[in-house]
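Here are some exercises to work through with the model open on your screen. Try each one yourself before you read the solution.

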Amino acid sequence: MSARSERDLSGRTALITGAGTGIGRGIALALARRGAHIVLCGRRGAPLAAVAAEVEALGSKTTIAQGDVTDAAARLHMLETTHAAFGLVHILVNNAGIL
C-alpha cells in the first residue's frame, strides 16, 4: 500500500468521544481532512455543532451523537446513531475526559 492510500480514509467511519473541544476536535478535523465520515460524541451540543460545521466545510460527512459516555444508554445511542448514519465503526477514538 502506498503512503498516499494509507492516508486516505474515504468511506471509513470514525466515532470520536469528547469531540466538541480540544484534542477530540483536533482529531475529528484531522480525520475529516483524510476523508473519513465523522461521528461527534460529547455532552454539550453547541461545541459539537460547531465542530460539525468545520467537518462539513472540509467536505466530510458528519453526525452528532450527544451524550455522556459514563451513561450506558448514551453509549448505546452513540452506536445506534453511527450505524444509522454510516454503518460500521472503523475507527474509535475514546477521548472523553473522565475523572
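**Exercise 1. Work out how β1 and β2 are joined, and how many bridges there are.**

Step 1. β1 and β2 run parallel, with four bridges joining them. Helices and strands here are DSSP runs (H or I of at least four residues for a helix, E of at least two for a strand), numbered from the N terminus. Two strands count as paired if DSSP finds at least two bridges between them.

Step 2. Now pick out some partners. Thr13 has His37 in β2 as its bridge partner, and Ala14 has Ile38 in β2.

Before you go on, keep in mind that this is a predicted model: local features need pLDDT of at least 70, side-chain atom pairs count only at pLDDT 80 or more, and totals for chains, interfaces and linings use all residues. Residues are numbered from 1 along each chain as its sequence is written, and side-chain values use heavy atoms, with hydrogens and water left out.

**Exercise 2. Put the four strands of the sheet in order and find which ones stand at the edges.**

Step 1. The sheet is open, its order is β3-β2-β1-β4, and the pairing is parallel.

Step 2. The edges belong to β3 (62-66) and β4 (91-93); each has a single partner strand, so one side of each lacks a neighbour in the sheet.

Step 3. From one strand to the next, the twist averages 15°.

Step 4. Add the helices. α3 lies across β2 and β3, at about 170° to β3. Helix α4 (residues 72-86) lies across β1, β2 and β3, and runs at about 160° to β3. For these angles, axes are lines fitted to C-alpha atoms, for helices over the stretch in contact, and the angle between N-to-C directions runs from 0 to 180 degrees.

**Exercise 3. Decide whether the two faces of β1 and β2 are covered or not, and place Val39.**

Step 1. A general point helps: in a regular strand, side chains alternate between the two faces of the sheet.

Step 2. In β1, Thr13 and Leu15 are on one side, Ala14 and Ile16 on the other, and all are buried. Buried means under 20% relative accessible area, exposed means over 50%, and partly exposed is in between (1.4 Å probe, protein chains only).

Step 3. In β2, His37, Val39 and Cys41 point one way, Ile38, Leu40 and Gly42 the other way, and all are buried.

Step 4. Zoom in on Val39, which sits in strand β2. Val39 counts as buried because its relative accessibility is 0%. Leaving out residues up to four places away in sequence, Val39 touches Thr13, Ala14, Leu15, Ile16, Thr63, Ala65, Thr82 and Phe86; contact means heavy atoms within 4.5 Å. Val39 and Thr82 are 43 residues apart in sequence, yet 6.4 Å apart in space, C-alpha to C-alpha.

Step 5. For contrast, look at Ala50 in helix α3. Ala50 is partly exposed, at 41% relative accessible area.

**Exercise 4. Find which residues of the largest nonpolar core touch the most other members.**

Step 1. The core has 16 residues, and the ones you want are Ile16, Ala28, Leu31, Ile38, Leu40 and Val55. A nonpolar core is a set of buried Ala, Val, Leu, Ile, Met, Phe, Trp, Tyr and Cys residues joined through side-chain atoms within 4.5 Å.

Step 2. At least two residues of this core come from each of β1 (13-16), α2 (22-33), β2 (37-42) and α3 (45-57).

Step 3. Check Leu31: not counting residues up to four places away in sequence, its contacts are Leu9, Ala14, Ile16, Ala36, Ile38, Ile91 and Val93.

Step 4. Another core, of six residues, lies apart from the largest one and includes Leu15, Val39, Cys41 and Ala65.

**Exercise 5. Write down the pattern of helices and strands along the chain.**

Step 1. Count first: there are four helices and four strands.

Step 2. Reading along the sequence gives α-β-α-β-α-β-α-β.

Step 3. Finish with burial: 36% of the 99 residues count as buried.
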